[in-house]
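Got the viewer open and a free hand on the mouse? Let's walk through this model one selection at a time.

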Amino acid sequence: MDFLMSAGALRSSRWLTLHAILVFAFLYLPIAVLIVYSFNGPGVGGFPPRDLTLDWYRTLFADGAIWESVGNSLLVAACAVAIALGLGIPAALALDRAQFPGKAVFRRLVLLPLILPGIITGLSLLMLFNEGHIKLSLLTIVLGHGTALISVATTEVFAGLQKLDRAQEEASLDLGANYWQTFLRITLPNLKLSIIGAALLIFTLSMDEIAVSFFLIGRNNTLPLEIWGRLRRGITPEINAISTIIFVFSLTAITLWYRLRKAEGTTEVAAELIDTAG
Amino acid sequence: MLTKDQSESTASGTLDSAALLDIRKVAKTFGQSVVLREISLKVAEGEFLTILGESGSGKTTLLRIIAGFESATSGEVCMKGERLDLLPPYKRRVNTVFQHYALFPHLTVEQNVGYGLRVEKQAESEITARVEQALARVKMTAHAKAKPSKISGGQQQRVALARALVKRPQLLLLDEPLSALDANLRRQMQVELKSLQREVGIAFVFVTHDQEEAMVMSDRIALLRMGELEQVASPRDIYSRPATAYTAQFIGHTNLLQTVAQGGIVRCNSLSWPAPIPDGPALRSLRPENIKVAGSSGSQDAVRFRGKLQHRAFHGSTELLQIECADGLSFSVRAPARSDWQGELEFEFDPADAVAVRESAERP
Amino acid sequence: MFTRAYRTVITMPPLLWVSLFLLAPYLLMFCYSFWSLSASQTIVHSWSLENYRQLLSVEVYWQTLLRSMWIAARVMLFSLLLGYPLAYFLSFRAAARKDLFYQLVIIPLWVSYLVRAYAWKTILGSDGVLNTLLQYAHLTSHPLDFLLYSPFAVVLTLTHIYTPFTFLPIYASLEHIPRNLVEASHDLGASPAQTFWRVIFPLSIPGVLAGATFAFVLSLGDFLAPLLLGGPSGIMISNIVVSLFGAAYNWPLGAAISFCMLVLVVSLLFFSERLEKKWIFS
């Protein structure tokens with residue numbers, strides 16, 4: 001709005017701007033510190049940073065255990081994407097279009113892991129595997145991630161479905177295609193962006209996931225758990241290095257995801273969260 | 001309500017200097033596009049002025065500048081001699097009825113109407129009394145406790161009106177308030193709004209793209225085209241004496257004739273009539289209802305022609321006939337609805353009804 | 001529009017999966033909470049209310065729960081105080097840069113929790129960045145103890161993590177407010193401040209409630225930040241549960257506490273939703 005504001009309103013604008021700057025500083029400070037100190041010779045802590053070096057990165061790259069856990073994480077994330085999408089897409093379709101008994105309960109149940117603390121999801125699954133005498137391993141982690149992340153897939157695809165023009169599907173049926181053909185030729189292509197965006201998000205969240213994984217871990221570590229293990233033993237600046245790398249990857253993934261959603265026209269995650277998670 | 005004197009002086013579009021609102025050379029540019037070009041317009045106390053124009057003509061922008069939601073790129077707006085455009089919107093004695101009503105969804109009808117009084121920190125008893133009065137005036141007393149989502153569009157529109165009027169502004173702005181209503185309700189509201197305006201005596205500046213609406217309601221019409229004023233006049237004047245071809249075509253139907261005057265005779269293809277005017281070409285506007293089917297008792301001065309009926313459009317009480325003449329001229333003629341109009345017919349019109357109009361300037 | 005076959009195919013698989021991996025585990029957890037531990041450290045399927053009795057009587061559980069709720073409440077409050085003005089700024093004052101700022105806010109949200117918590121650990125430690133900076137600038141002469149291994153560190157870290165979480169729903173509800181309402185308010189004589197309190201804030205309440213609930217619930221159940229940064233005084237209820245499933249090995253008791261947390265969280269969500277509905281006006 002272009003209109004004139006009184007002096008008081010202009011003053012409040014300045015305070016708001018200042019507040020925004022401070023909050024952004026607060027949000028990015030730890031990340032900035034992490035990145036800067038990953039190049040810091042003497043390691044973590046101490047001020048000011050000096051002796052810029054790539055040593056910690058070199059140590060990191062030589063660290064076999066870390067890379068093994070990265071491999072595990074990638075595998076788990078890929079499987080989690082498959083499960084979450086494989087169940088999340090039908091779930092979104094069901095919520096958007098079908099009427100069935102218990103729909104309201106189903107909706108809440110699917111979306112619950114989004115807002116429930118990870119410990120509850122993790123522990124309840126642990127008890128399930130225990131009763132079922134299933135040994136903890138990467139598989140159990142995959143099952144945990146997949147289950148928890150169905151909610152993300154559902155939310156994203158649901159948003160995409162809302163933007164879908166129903167008339168296109170009706171036109172397809174009118175022209176003689178049956179429901180399956182319509183789904184494959186019309187619905188799915190229109191959901192392409194939503195699905196890719198969801199996959200990107202699920203992959204990133206799975207790579208970072210620790211709360212649920214904590215309880216379902218077997219002998220093989222995922223990356224966050226490997227880092228966690230190291231942290232228990234004491235801080236090494238290697239961790240800064242790997243954290244910086246994680247940050248760069250997350251940043252890329254999320255920027256991509258955001259661009260995709262913009263192209264699709266749905267940039268608000270939260271809107272659906274309020275409507276559907278509630 | 002204008003006095004007879006005021007009506008006459010406004011006939012030509014000008015006003016004496018005691019105007020309520022004085023818009024002086026207001027221009028507005030958004031980035032690269034020029035939306036308003038040096039508009040100068042005066043609004044008199046108590047008059048109903050309509051700013052009429054197509055979408056993109058700049059009419060809404062002009063209204064928003066008066067209200068204070070946009071600031072002009074150049075020019076001034078004065079109210080009763082004092083600069084209005086230097087004030088923020090919440091300090092102006094101007095209120096607006098928004099196109100989509102903009103009622104506050106979390107407040108009841110009553111609370112909506114009382115909002116403007118509450119922010120002025122008026123006494124509660126005073127507020128209650130004035131709100132009641134305002135609601136009664138727009139006939140919404142029964143719905144005082146309802147929320148906006150529970151009442152119809154037409155009812156919301158009345159509440160928006162009450163909310164603005166209860167503040168007793170010096171000027172009321174209405175931004176296409178009837179555009180969302182269906183045709184019958186719209187016609188009803190036009191009449192109600194007009195009588196309401198006479199009742200409260202406040203100047204109304206009404207924005208619309210509907211020329212019929214403008215003619216029904218206004219004391220004066222300001223026709224805006226591509227950011228410039230084409231003509232400012234009373235509805236009757238703007239209709240019978242349009243200044244430009246655009247005005248003649250935008251308001252009502254018309255026939256545009258390319259004529260040339262030479263040696264006291266005006267010619268248009270095979271038609272001609274005497275007129276004591278200097279030589280030269282002129283574009284003339286002739287309204288369809290001024291062309292009559294020739295009867296036996298036609299006046300001597302009437303211009304006659306024959307034409308073949310190509311097409312008819314039935315409008316209930318009248319018909320619009322499309323006529324092609326042998327010399328290539330085509331006319332629209334408004335005639336009483338009769339089933340036996342057909343073939344070749346003879347028509348006549350009074351040459352005084354063929355009014356000369358300017359070509360409208362081309363815009364980049 | 002949809003045939004039975006179509007409807008079955010899209011509802012059955014997710015329904016089955018969710019029943020098996022979400023519903024069944026919660027029910028199982030409920031059952032576990034009534035079971036007990038035998039002398040030989042195996043889980044016995046004998047049904048009793050013993051665990052709940054313990055829960056109610058042992059003081060440390062109560063105290064920890066209350067402390068957790070107090071920490072969660074502070075996190076909720078601070079993230080609202082940080083998040084709301086930020087959301088307002090983006091929605092109403094940022095104009096052309098709105099998009100860029102929005103991206104800037106959500107990026108930290110998706111960067112690993114662990115990474116961010118760890119970063120605070122390196123900042124707040126006695127050899128950490130903050131302490132050495134303060135000493136370097138001669139503002140303090142020795143490291144400040146309370147910065148790390150304290151409830152302060154937990155609240156700070158969790159506020160950092162959850163501020164974007166509260167921002168999102170508030171921003172969404174602010175964006176949903178039609179701008180012509182703001183113009184109407186100004187038109188009727190209300191200053192920007194009056195407009196905010198009378199029009200904008202009331203209409204943003206659903207977003208505030210959603211954001212507050214997220215922050216509170218997720219903080220309450222958090223166990224990682226306390227483990228990394230909380231020290232002995234910053235232990236939260238989830239840490240107790242974690243140890244019961246770990247070294248202290250008492251699954252049934254842990255299940256009982258977890259189940260209580262589940263019930264508490266679901267109730268909070270339920271009430272929050274009811275409250276939100278009262279404040280939604282379309």
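What follows is a tour that begins with one chain, moves to the places where chains touch, and ends in some loops. Keep in mind that this is a predicted model.

**Stop 1: chain A by itself**

Select chain A and hide the rest for now. You should find 13 helices and zero strands, so to speak an all-α string when read from the N terminus: α-α-α-α-α-α-α-α-α-α-α-α-α. Of the 278 residues in chain A, 47% are buried. If you turn on contacts between residues at least 6 apart in sequence, 79% of them join residues at least 24 apart.

**Stop 2: Glu169(A)**

Stay in chain A and pick Glu169(A), which sits in helix H7 (residues 166-174). Is this residue buried or exposed? Glu169(A) counts as buried, because it has 20 C-beta neighbours inside 10 Å, and 20 is where buried begins. Leaving out residues up to four places away in sequence, Glu169(A) touches Thr182(A), Ile186(A) and Thr187(A). Now try a distance: from the C-alpha atom of Glu169(A) to that of Tyr179(A), 10 residues along the chain, you should read 8.9 Å.

**Stop 3: where chain A meets chain C**

Bring chain C back. The contact takes 76 residues from chain A and 82 residues from chain C. Which helix gives the most to the chain A side? That is helix H1 (residues 7-38) of chain A, with 18 residues. Colour the chain A side by class and you get 58 nonpolar, 14 polar and four charged residues.

**Stop 4: a helix pair across that contact**

Two packed helices are described by the angle between their axes and the distance between the axes. Select helix H4 (residues 103-115) of chain A and helix H1 (residues 4-32) of chain C: they pack at an angle of about 55°, with their axes 11 Å apart. H4(A) and H1(C) are therefore oblique to each other, and their crossing is left-handed. Show side chains for Phe106(A), Leu109(A), Val110(A) and Leu112(A) on H4(A), then for Pro14(C), Leu15(C), Val18(C), Leu22(C) and Leu23(C) on H1(C); these residues make the contact. By class, there are nine nonpolar residues here, with no polar and no charged ones.

**Stop 5: a helix pair inside chain C**

Next, select helix H5 (residues 113-124) and helix H7 (residues 151-175) of chain C. Their axes come within 10 Å and cross at roughly 140°. H5(C) and H7(C) are therefore oblique to each other, and this crossing is right-handed. From H5(C), Tyr113(C), Arg116(C), Ala117(C), Trp120(C) and Leu124(C) meet Ala153(C), Leu156(C), Thr157(C), His160(C) and Ile161(C) of H7(C). The residues of this contact divide into seven nonpolar, two polar and one charged.

**Stop 6: where chain C meets chain B**

Now show chain B as well. Here 16 residues of chain C are in contact with 20 residues of chain B. On the chain C side, helix H8 (179-187) and helix H9 (192-220) are the elements that give two or more residues. H8(C) gives the most, with six residues. The chain C side divides into eight nonpolar, six polar and two charged residues.

Zoom in on H8(C). Its buried residues are Val182(C), Glu183(C), Ala184(C), Ser185(C), His186(C) and Asp187(C). What do they pack against? They pack against helix H2 (59-67) and strand E6 (94-97) of chain B, together with H9 of chain C. Just after H8(C), click Gly189(C), which takes a positive phi of about 105°.

**Stop 7: chain B and two of its loops**

Select chain B. Its domain assignment gives domain 1 (4-244) and domain 2 (253-357). The centres of the two domains of chain B, taken over C-alpha atoms, are separated by 39 Å.

Most residues other than glycine have a negative phi, and most peptide bonds are trans. With that in mind, pick Lys80(B), in the loop between strand E4 (74-79) and strand E5 (82-83) of chain B. Lys80(B) is not a glycine, yet has a positive phi of about 50°. Lys80(B) is partly exposed, with 13 other C-beta atoms within 10 Å.

Finish at Tyr101(B), in the loop between E6 and helix H3 (109-118) of chain B. Tyr101(B) is not a glycine either, and has a positive phi of about 70°. With 21 C-beta neighbours inside 10 Å, Tyr101(B) counts as buried.

Terms used:
Residues are numbered from 1 along each chain as its sequence is written. Chains are lettered from A and ligands numbered from 1 in the order in which they are written. This is a predicted model: local features need pLDDT of at least 70, side-chain atom pairs count only at pLDDT 80 or more; totals for chains, interfaces and linings use all residues. Two residues are in contact if their C-beta atoms, placed from the backbone, lie within 7 Å. Helices (H or I, at least four residues) and strands (E, at least two) are DSSP runs, numbered from the N terminus. Ala, Val, Leu, Ile, Met, Phe, Trp, Tyr, Cys and Pro count as nonpolar, Asp, Glu, Lys and Arg as charged, and the others, Gly among them, as polar. A residue is buried if 20 or more other C-beta atoms lie within 10 Å of its own, exposed if 12 or fewer, and partly exposed in between; C-beta atoms are placed from the backbone. Domain bounds come from an automatic or database domain assignment. Axes are lines fitted to C-alpha atoms, for helices over the stretch in contact, and angles run from 0 to 180 degrees between N-to-C directions. Angles under 35 degrees count as roughly parallel, over 145 as roughly antiparallel, 65 to 115 as roughly perpendicular and the rest as oblique. A crossing is left-handed if the near helix is turned anticlockwise from the far one by less than a right angle, and right-handed if clockwise.
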